[in-house]
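Reader: Before I rely on any of the labels attached to this model, I would like to hear what each of them rests on. Could we take them one at a time?

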Amino acid sequence: MLDLLIIGAGPAGLSAAEAAQQHGLDYLVIERGTIANTIRQYPVGRTMFSTPNEVAMHEGTLNPVREKPTREEMLSHYIHFVLNLDLHINTDEEVIAVNGNIEEGFVIKTDRSEYQAARVLFAIGAMEIPRRLNVPGEDLPKVHHLFIEPYAYVRKDALVVGGGNSAAEAALFLSEEGARTTMAIWREDWENRDPKAGAMKHWVRTPLETEIEAGRLKVILYKHVDEIREREVKLTTETGEVLTLPNDVVFVLVGSDADLTLLKNLGVKTEAGKLAEIPVYDPETFETNVRGIYVAGHFTHARHIKAAIDVPRRIVPLIAKEIQPQKGTRGT
Ligand SMILES: Cc1cc2nc3c(=O)[nH]c(=O)nc-3n(C[C@H](O)[C@H](O)[C@H](O)COP(=O)(O)OP(=O)(O)OC[C@H]3O[C@@H](n4cnc5c(N)ncnc54)[C@H](O)[C@@H]3O)c2cc1C
């Protein structure tokens, strides 16, 4: 019986693992992909929005070449954090079911094995289910819901659909690297200048506008995409005009959601958050309404990396305090 099983090896899961190690808990992290899998799926070479003090596991341990770290510097930082502390992580293993209760312990079933744990911390991020347009042709192989690199699309007709920073960055990278790029965006997103409401960061918007002025990038204020075909895309503009654009590749970057199925199957309640559905939890302990089941990171209200790192440092000691007296009496 493990003391704590942590699902997910992103910044939240790694921080929880370190705290568990420091408090002498028997713990294990199960990760379906690689260490910091979400960050590995950022665009190649991407510079973070955050400064090192907001994303480093410990102050002064992430020293990027420029002011802000790149995807590659972040990945190396998190990987070496795991290696240096020799944290217990199983990668390439997916948790597929969690059952049980706090009295008898939880049973965690993965695609490889089965574990028992006194407590379970879900640090599963909010990237599992990319949002879709739900239009004909969206399942064609040329349609992607993730953007990793622009280099395959030089002199190709690329369409990026979406209004947030991920879509804007993808359009910028594609345009800068020679793809004939069109960005389809809703007017409210294009005109949004409020950073608190998810507006494009100015250091993305400024070069994007340079691409537009130079005639390399086209922006269409659209209402909806009607259909994606092998060689073209049909969409309706905000004025009701129907356009058929030549097209080789589509990136649908309209956000993503956490997969809350495992939590819901356990009986964890959820509520509507500002941006997505969020599990209900105690804001002090991050324990859900199901005793012994905890949450941390991107799919809670503490969304950014800094909070994803800080929260486990607060809650794992509380878990340890609860478990350790019980452990002390085991076998006596
Ligand atoms: C393109 C992009 C740019 C971003 N830029 C910034 C930025 O500049 N600054 C910032 O603060 N934030 C940024 N974010 C958000 C940031 O990535 C998240 O805040 C951060 O990753 C949260 O860490 P986490 O540990 O909660 O979740 P994640 O890093 O998403 O980790 C969750 C992990 O859980 C694993 N997992 C999920 N389900 C299972 C399962 N059933 N079994 C096993 N493993 C599972 C996933 O594979 C994943 O590795 C950005 C996000 C994106 C997409």
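Reader: How many bridges join S6 to strand S18, and in which sense do the two strands run, parallel or antiparallel?

Author: This is a predicted model, and in it three bridges join S6 to strand S18 (residues 293-295), the two running parallel. Since a pair of strands needs at least two bridges, S6 and S18 count as paired. One of the positions involved is Phe122, whose bridge partner in S18 is Val295.

Reader: What makes S5 and S6 a hairpin, and in which sense do they pair?

Author: Strand S5 (residues 105-110) pairs with S6 in the antiparallel sense over four bridges, and three residues link S5 to S6 in the hairpin. Within this pair, Val107 stands opposite Gln116 of S6. S6 (residues 114-122) is also joined by five bridges to strand S1 (residues 2-7), in this case running parallel, with Leu4 having Arg119 as its bridge partner in S6.

Reader: Which strands form the open sheet of seven, and why are two of them called edge strands?

Author: The order of the open sheet is S8-S14-S9-S10-S11-S12-S13, with mixed pairing. S8 and strand S13 (242-246) are the edge strands, as each pairs on one side only.

Reader: How do you know that S14 has a partner on each side, and what continues the sheet beyond S9?

Author: Strand S8 (residues 143-144) pairs with strand S14 (residues 249-252) in the parallel sense over two bridges, which meets the requirement of at least two; here His144 stands opposite Phe251. Strand S9 (residues 157-161) pairs with S14 over four bridges, also in the parallel sense, and the bridge partner of Val161 in S14 is Val252. Beyond S9 comes strand S10 (residues 180-185), paired with S9 in the parallel sense over five bridges, where Val161 stands opposite Ala184.

Reader: Why is the chain called as compact as a globular protein of that length?

Author: The chain has nine helices and 18 strands. Its radius of gyration is 22 Å, close to the 20 Å that the globule rule gives for 332 residues, so the chain is as compact as a globular protein of that length. Along the principal axes, its C-alpha atoms fill a box of roughly 75 × 40 × 35 Å.

Reader: Where are the two domains, and what is said about the contact between them?

Author: Domain 1 covers 2-128 + 256-329, and domain 2 covers 132-252. Their C-alpha centres lie 32 Å apart, and five residues of domain 1 are in contact with eight residues of domain 2. On the side of domain 1 that touches domain 2, three residues are nonpolar, one is polar and one is charged.

Reader: What is the length of helix H7 set against, and what follows H7?

Author: Helix H7 (residues 202-213) has 12 residues and reaches 16 Å from its first C-alpha to its last, close to the 16 Å expected at 1.5 Å a residue. Just after H7, Gly215 takes a positive phi of about 80 degrees.

Reader: How many residues surround the ligand, and which element gives the largest share of the shell?

Author: The ligand is surrounded by 31 residues, the closest being Gly8, Gly10, Asn37, Gly125 and Gly297. Two or more residues of the shell come from each of helix H1 (11-22), helix H2 (37-40) and helix H9 (305-329), and the largest share, three residues, comes from H1. By class, the shell divides into 14 nonpolar, 12 polar and five charged residues.

Methods: Residues are numbered from 1 along each chain as its sequence is written. This is a predicted model: local features need pLDDT of at least 70, side-chain atom pairs count only at pLDDT 80 or more; totals for chains, interfaces and linings use all residues. A residue is near a molecule or strand if its C-beta atom, placed from the backbone, lies within 6 Å of it. Ala, Val, Leu, Ile, Met, Phe, Trp, Tyr, Cys and Pro count as nonpolar, Asp, Glu, Lys and Arg as charged, and the others, Gly among them, as polar. Domain bounds come from an automatic or database domain assignment. Two residues are in contact if their C-beta atoms, placed from the backbone, lie within 7 Å. The expected span of a helix is 1.5 Å times one less than its number of residues. The radius of gyration is taken over C-alpha atoms; the globule rule is 2.2 Å times the number of residues to the power 0.38.
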